[in-house]
Amino acid sequence: MALRAVARFSRDSAFLSRRLVLAARQERNAACSRGGRNGFIFTPACFITSEAFLNRLMKGDAAEADGNIYRPPASVPTDSGEHLSLLLRHPDQPENPKVLKVAITGAPNAGKSTLSNQLLGRKVFAVSKKVHTTRSRALGVLTENDTQIILLDTPGFTTLSKVKRHQLEKSLLVDPWTTVKEADLMVVLVDAGDRWMSSRLDFEVLKCLSEHPHIPAILVLNKVDLVKAKDRLLDITAQLTCGMVNGRRMRVRPVIKPPWAEKRPERDSELSLVKDKEAPEDSAEENSVLSTEQLKALRSQQGWPHFKDVFMLSSVDSEDVETLKRYFIAAAKPGSWQYHSEVLTDQNPQDVCTNIIREKLLDYLPLEVPYTLTQSVEFWQDGENGELNISVKLYSKKDSHMKMVIGTAGQMVARIAKEASEDLSRIYLREVKLKLTVKMRK
């Protein structure tokens with residue numbers, strides 16, 4: 001009798017959950033149809049994430065009944081050989097596999113790695129407030145049910161003159177362009193909280209969009225939580241899309257501009273002057289397939305009129321990012337998986353470690369100091385109690401920089417090692433003991 005009562009309660013709960021999901025879908029569809037009259041659909045995250053939340057509640061018995069398999073986030077193996085073996089393992093293809101390659105692009109410090117981490121459900125890519133944290137293209141794999149989303153996290157677009165001036169790695173210049181070529185969908189991430197940079201797309205981003213018009217692209221306004229006047233988001237959208245979304249003209253209600261908006265043209269002219277000075281060197285780049293006339297036209301262009309969709313979110317908000325993830329899953333097309341479902345990233349364990357350490361160096365050291373440091377993994381071994389013992393040596397070019405890294409009584413280097421250990425423990429799913437030493441490179 002008790003078992004029958006429990007079974008009846010479970011069936012009633014599942015039925016009620018499905019009714020709630022159906023009601024949420026009807027509410028969302030009604031909201032979308034109301035917004036569609038102007039040719040531009042703005043769907044607030046709450047309409048979609050409410051359904052996503054209910055879907056998460058229904059996982060378990062209801063999900064198994066539908067034939068779906070919930071896969072917890074994978075981890076990164078700590079052994080390089082094991083990691084390589086996992087990458088080469090034959091994919092465990094479902095019956096009707098779907099796949100989508102997504103290139104996360106944008107200007108430096110737009111939040112690309114933060115978004116990629118949130119989509120994966122685990123921190124894999126280094127994140128910092130300083131520019132050029134990501135030095136080379138890295139791959140993340142999100143596998144859910146019968147769909148595999150391959151995230152291509154790229155360095156921020158930069159110019160040849162900046163790479164030479166600051167002696168940066170060539171990967172920062174090459175990787176964003178080569179990565180886009182293999183993508184099925186291009187995400188252009190823009191920092192909406194930056195009042196100056198959000199008024200126009202980065203010129204290198206415009207060049208990339210112009211050179212690959214056949215690749216569908218979507219605009220994602222990030223850090224919208226930092227924008228106090230929310231109607232300004234529509235102004236930003238109108239500027240960055242040239243008033244066109246998915247081939248339709250969007251209508252934006254005029255709003256009263258704040259006092260600082262009057263100064264923007266002056267600032268924009270300064271930015272364009274700086275870009276014009278760099279133009280001869282950058283436009284002479286051999287890899288560009290655009291003519292001089294096309295490059296000149298792009299310099300006077302604020303946005304891109306061929307975006308397929310627009311999203312407004314905060315990449316640190318998991319519910320906001322869930323909306324974008326569902327969009328990717330819906331956009332995936334039938335095709336064979338490229339990786340086994342247990343693969344999380346193509347970065348080897350040592351690269352993950354050095355990237356996380358670089359993140360902490362960028363967070364805690366001033367100015368150019370973290371950019372001048374190099375790393376060398378000296379020791380990597382399993383401990384007797386199952387922990388992972390790692391020793392990394394940091395090399396400094398200047399004695400003053402070395403003293404900053406060490407800090408008073410070694411407090412700075414100890415803090416960096418402690419926080420990096422905690423992050424690595426969550427990535428590897430095991431205890432990590434990290435030791436950092438600093439040495440002058442002669």
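**Exercise 1. Work out what covers the buried residues of helix 5 in this predicted model, and decide whether the helix is enclosed or open.**

*Step 1.* Start with the cover. The elements packed over the buried residues of helix 5 include strand 1 (98–106), strand 2 (138–144), strand 3 (147–153), strand 4 (185–191) and helix 12 (318–331).

*Step 2.* Now list what is underneath. Lys 112, Ser 113, Thr 114, Leu 115, Ser 116, Asn 117, Leu 119 and Leu 120 are the buried residues of helix 5.

*Step 3.* Put it together: eight of the nine residues in helix 5 (residues 112–120) are buried, so the rest of the structure largely encloses it.

*Step 4.* Check the exit too. Gly 121 follows helix 5 and has a positive phi, near 85°.

**Exercise 2. Find the residues that touch the most other members of the largest nonpolar core, and say where this core lies relative to domain 1 and domain 2.**

*Step 1.* The core has 53 residues, and the ones touching the most other members are Val 102, Ile 149, Ile 218, Phe 328, Ile 357 and Tyr 428.

*Step 2.* Next, ask which helix gives the most to this core. That's helix 16 (residues 411–428), with seven residues.

*Step 3.* Domain 1 (80–254 + 293–334) and domain 2 (349–440) each contribute residues, so the core lies between them.

*Step 4.* Zoom in on Ile 149. Skipping neighbours within four places in sequence, Ile 149 contacts Leu 100, Val 102, Gly 140, Val 141, Leu 142, Phe 328, Ile 329 and Ala 332.

*Step 5.* Don't stop at one core: apart from it lies another, of 29 residues, with Val 188, Met 250, Phe 307 and Met 312 among them. As background, nonpolar side chains in soluble globular proteins tend to be buried together.

**Exercise 3. Take Ile 416 and Pro 334: is each one buried or exposed, and what does each touch?**

*Step 1.* Ile 416 sits in helix 16. Its relative accessibility is 0%, so Ile 416 counts as buried, the cut-off being under 20%.

*Step 2.* Not counting residues up to four places away in sequence, Ile 416 touches Lys 360, Leu 361, Tyr 364 and Leu 436. Take Tyr 364 from that list: Ile 416 and Tyr 364 are 52 residues apart in sequence, with their C-alpha atoms 8.0 Å apart.

*Step 3.* Over to Pro 334, which belongs to strand 9 (residues 333–334). Pro 334 has 76% relative accessibility, so it counts as exposed, the cut-off being over 50%.

*Step 4.* Leaving aside neighbours within four places in sequence, Pro 334 is in contact with Pro 97 and Lys 98. Pro 334 and Thr 147 are 187 residues apart along the chain, and 8.8 Å separates them C-alpha to C-alpha.

**Exercise 4. Place Ala 409 and Leu 429, give the sign of phi for each, and say whether each is buried or exposed.**

*Step 1.* Recall the usual case: most residues other than glycine have a negative phi.

*Step 2.* Ala 409 has a positive phi, near 55°. Its place is in the loop between helix 15 (399–406) and helix 16, and with a relative accessible area of 77%, Ala 409 is exposed.

*Step 3.* Leu 429 also has a positive phi, near 60°. The loop here runs between helix 16 and strand 12 (432–440), and Leu 429 is exposed at 51% relative accessibility.

**Exercise 5. Count the cavities of 30 Å³ or more and describe the second largest.**

*Step 1.* The count comes to two cavities of 30 Å³ or more.

*Step 2.* For the second largest, the volume is about 40 Å³. Its lining is made of Ser 75, Val 76, Pro 77, His 83, Leu 86, Leu 87, Val 343, Leu 344 and Thr 345.

**Exercise 6. Sum up the chain, then find where pLDDT is under 50 over residues 1–67 and below 50 over residues 254–286, and count the contacts there.**

*Step 1.* The chain has 16 helices and twelve strands, and 46% of its 442 residues are buried.

*Step 2.* Of the contacts between residues at least 6 apart in sequence, 74% join residues at least 24 apart.

*Step 3.* On confidence, the chain's average pLDDT is 77, and 69% of the residues score at least 70.

*Step 4.* Residues 1–67 stay under 50, and the model has 47 contacts beyond four places in sequence for them. Residues 254–286 are also below 50, with 29 contacts beyond near neighbours in sequence.

Definitions and conventions:
Residues are numbered from 1 along each chain as its sequence is written. This is a predicted model: local features need pLDDT of at least 70, side-chain atom pairs count only at pLDDT 80 or more; totals for chains, interfaces and linings use all residues. Side-chain values use heavy atoms; hydrogens and water are left out. A nonpolar core is a set of buried Ala, Val, Leu, Ile, Met, Phe, Trp, Tyr and Cys residues joined through side-chain atoms within 4.5 Å. Buried means under 20% relative accessible area, exposed over 50%, partly exposed in between (1.4 Å probe, protein chains only). Helices (H or I, at least four residues) and strands (E, at least two) are DSSP runs, numbered from the N terminus. Domain bounds come from an automatic or database domain assignment. Contact means heavy atoms within 4.5 Å. pLDDT is the predictor's confidence in each residue, from 0 to 100. On a 1 Å grid over the protein atoms alone, a cavity is a set of points where a 1.4 Å probe fits but cannot get out, and a pocket is an open set with protein on both sides within 12 Å along at least five of seven lines; lining residues have an atom within 4 Å of a point. Grid points are joined across faces, edges and corners, and a volume is the space filled by probe spheres set on the points.
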